[in-house]
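Q: Please take me on a close look at one spot inside this model, and then walk me outward to some other parts. I am new to this, so explain each term when it comes up.

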Amino acid sequence: MLRETPHILNTTPETLAILLNSPKFREKLRTVEYVVVDEIHSLAENKRGTHLSVSLERLEALANGSPTRIGCSATVEPLDTMAEFLVGYTDPDSTGDVDRVGDSVDREPREYELVDTRFVREFDIELTCPTDDLINTPGGVVNNRFYQGLHEQIQAHENTLVFTNTRSGAERVLHNLRERFDDYDEANSGCHHGSLSKDRREAVEEALKEGSVDVVTTSTSLELGIDMPYLDLVVQVGSPKSVAALLQRVGRAGHQVGETVTGRVVALDRDELVECAVMLRKAEEGFVDRVFIPEDAQDVATQHIYGMGITGPRPESEIRAILERAYPYRNYTDREWEQLMRYLTADYAGMEEKNVYAKVWRDTNDAPDGEHHYAEYPVGEHLIGKRGRLARVIYMTNIGTIPDSFTCDVYTRSGDEWMGQLDEEYLDTLETGDVFVLGGDRYEFRYRRGSKVYVDPTGARPTVPSWFSERLPLSYDLGTEILAFQRELLDRLAQGGRSAVRVWLRESPLDEHSVRAVTRMFDQQVRYAGPESVSTDRRLVIEEELDKAEYKRHYYVHSNYGRRFNDGLSRLLAYRCAQEANANVTVAVADHGFTLSLPLNRKVDLAGLLEDIGPADVRPDLRASLNGTDLLKRYFRINATRALMILKRYKGHEKSASKQQFDSEMLLGFAEDLDEFAVVEETYREILEDKLHVGGIETVLGDIRDGEVDVVSTRVDSPSPTAFGLATLMASDVVLAEDESQVLQEFHQRVLDEIEGEDASVGAGSD
């Protein structure tokens, strides 16, 4: 490309950052006129987008003119925020003088134009359910109806794409179609996901482009990317967890001007039934979930400041201004800057003994007769430059934000016997004492050492399902909409009974089975535990059950704000509970709430604990609850590697993710003892803000404190219908599918027995 410069350069955020530091190629970038960022929503929500936004500001500073930036996305919200993320911010005035508000600069976004055509296309979407009673209809009957309906849909269309929520699900659907019907074989059907070989994925993609395949099953790998001109139906099995993901997926069908988008969502689970019903209602109204952009990431800032130092020396004010013109750093403070500079200049005692060296130097420009004088800058100017002869090589071979991952070997503590492997991301969800299924057997997690996990065999029920790390979490915004939907449904049920609810639901794109199943669920809930037992956008319900058989006291918290939120709030409450009750607290987390379990002889006022936590307590308490966890260790390794504290590649040697983990655990204790160490602070920031949705937790707890949301406690002898999913979460592993069905039927029968007299027969009837 140096010999023959392309007119159009198709690249990635990582490669752009490398090109900006390539001595010869960066000169070619001076003539760039346009930058097109495709699928901008998929970048903005993570650190790849943060990295890109700073690269675009570095390109802006390098280019002869100001390149026009164009961002594209079919499903993005809020539009103004996305536009500001794309175009960045200006300096306060042309003189370069900086007005600081507090200790951050008062900047304005550059000018931009919005073209909103998200809902121009015609949509034909519907929620279907194989039965109006997902509890008592035998699993075999549900499966037969599902596959028969899917087969009929495929046969009625040219090309069909089937999305599932897990890779194993995609393979299972294809396998069942081929087993049950003679119409499908290797030639006209296929599966596509990230675990398959590149050759197999490309063969399926080619068949979709040509329209030579009847059906393809996939998890998330075909959400973006290739054009499929012959695709005329998308089937989504289960909830895609956000309106944005739903629109992104069904939008693959009819991908031509003037074509109708045809999508069918199939609900096979009671909790997902309500979720999908609300999702399709909101999609028809033009609602899209917000994208949350990570802010002030110190690890990404490290890479770019290092990169700019390598092309220097440059004035410190110029480097900082470039960083702060990027949207994620628009509110960057003096404190954060100084914290980062201390790390980059290795201004902590003992860093070099730990083989963590300074990345840059920071000094004033000497007089002409001084040792370090740079003629192009005034004497006394604060400058930043690179440290070390290998700086450019280290930068080129180590930058990027996508973390390496690895699998951990599982051993029994007693005989040190190898049991299998677990994905390290799954380990994020495990606390000491948690039970999981591996190879059909159950194990209790004890501890982890580097890439080895030690367990004890157990007969206890699993507390963390095997699919936990693979499924997408419910979006916070959709969770909030579900709560508002439940309030409206309860109002209609109170005013006009079941028939009024059914009439209302038929206004939405739901089939009759779905309408009746949702109506029955809430009708039985209200008869069993009263309308106050349902969480809404104005009420948070905690359901207490005494499980004498298991000698446990279960608290079902119906916080329908998505798994990230619930992961954070459950850690917070478990931390407070453990202090209050002086007992081990078992936690099981789902999208629509979480369960805290204590020994039966321990009791806490969970509603009181929740009301006592002020928004200002959330961050310090959550931070304290993370101390010593595997989650903290893993994220510290990822951030230490991103911040070049641990080098993945150095002098021709490559360090595996498991070796990075080992090295980072050696460094973590040292780093935590340092005052405001940038990499440790970024690790906590990322876990709290990006993973555990601390902002949402602070908002809800603020609403509770202000009386906008009431906390209501109910006590039940057996879980209520809306708690079935939480109560069976511990049995919701694929291995235990029959067990789960049996438990659900048992819970349901108890509810029906409780609803006395004629109500019981109506509740059990056909509605």
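A: Let's start with a word we will need often: a residue is buried if its relative accessible area is under 20%, exposed if over 50%, and partly exposed in between, using a 1.4 Å probe and protein chains only. Met521 has 5% relative accessibility, so Met521 counts as buried.

Before going on, a note on what you are looking at. This is a predicted model, in which local features need pLDDT of at least 70 and side-chain atom pairs count only at pLDDT 80 or more, while totals for chains, interfaces and linings use all residues. Residues are numbered from 1 along each chain as its sequence is written, and side-chain values use heavy atoms, with hydrogens and water left out.

Met521 belongs to helix 17 (residues 512-529). Helices (H or I, at least four residues) and strands (E, at least two) are DSSP runs, numbered from the N terminus. What does Met521 touch, leaving aside its neighbours within four places in sequence? Its contacts are Arg270, Asp271, Val274, Pro721 and Thr722, where contact means heavy atoms within 4.5 Å. Arg270 is 251 residues away from Met521 along the chain, but their C-alpha atoms are separated by 8.4 Å.

Now follow one of those partners, Thr722. Thr722 sits in the loop between strand 25 (710-716) and helix 25 (724-727). With a relative accessible area of 10%, Thr722 is buried. Leaving aside neighbours within four places in sequence, Thr722 is in contact with Asp271, Met521, Phe522, Gln525, Ser533 and His558. Asp271 therefore turns up in both lists, since Met521 touches Asp271 and so does Thr722. For another distance, take Leu474: it lies 248 residues from Thr722 along the chain, and the two C-alpha atoms are 17 Å apart.

Next, look at strand 10 (residues 260-266). Six of its seven residues are buried, so strand 10 is largely enclosed by the rest of the structure. Two strands pair if DSSP finds at least two bridges between them. Strand 5 (residues 122-128) pairs with strand 10 in the parallel sense over seven bridges, and Glu126 has Arg264 as its bridge partner there. Strand 9 (residues 231-237) also runs parallel to strand 10, joined by four bridges; here Val237 stands opposite Val266.

Another place to visit is an open sheet of three strands, ordered 11-13-12 with antiparallel pairing. Its edges are strand 11 (314-315) and strand 12 (360-364), each of which pairs on one side only. Strand 12 and strand 13 (residues 382-386) are antiparallel and share five bridges, with Val360 opposite Lys386. Helix 11 (residues 298-310) packs on this sheet and touches strand 11, strand 12 and strand 13, and its direction makes about 95 degrees with that of strand 13. For such angles, axes are lines fitted to C-alpha atoms, for helices over the stretch in contact, and angles run from 0 to 180 degrees between N-to-C directions.

Asn398 comes next, in helix 14 (residues 391-398). At a relative accessible area of 2%, Asn398 is buried. A polar atom of its side chain lies 2.9 Å from the backbone oxygen of Ile394. Not counting residues up to four places away in sequence, Asn398 touches Gln303, Leu644, Leu647, Lys648 and Arg649.

Lys648 leads us on to Thr641, which is in helix 21 (residues 630-642). Thr641 counts as buried, at 7% relative accessibility. Beyond its neighbours within four places in sequence, Thr641 is in contact with Ile646, Lys648 and Gln660. With Gln660 there is a side-chain polar contact of 3.4 Å. A polar contact is a pair of N or O atoms within 3.5 Å; within protein, one must be able to donate a hydrogen and the other to accept it, and residues adjacent in sequence count only if both atoms are side-chain atoms.

Our last stop is a pair of helices. Helix 18 (residues 563-581) packs with helix 20 (residues 615-626) at an angle of about 80 degrees, and their axes are 9 Å apart. That makes the two helices roughly perpendicular, a label for angles of 65 to 115 degrees; under 35 counts as roughly parallel, over 145 as roughly antiparallel and the rest as oblique. Among the residues that meet are Leu572 and Tyr575 in helix 18, and Val618 and Leu622 in helix 20.
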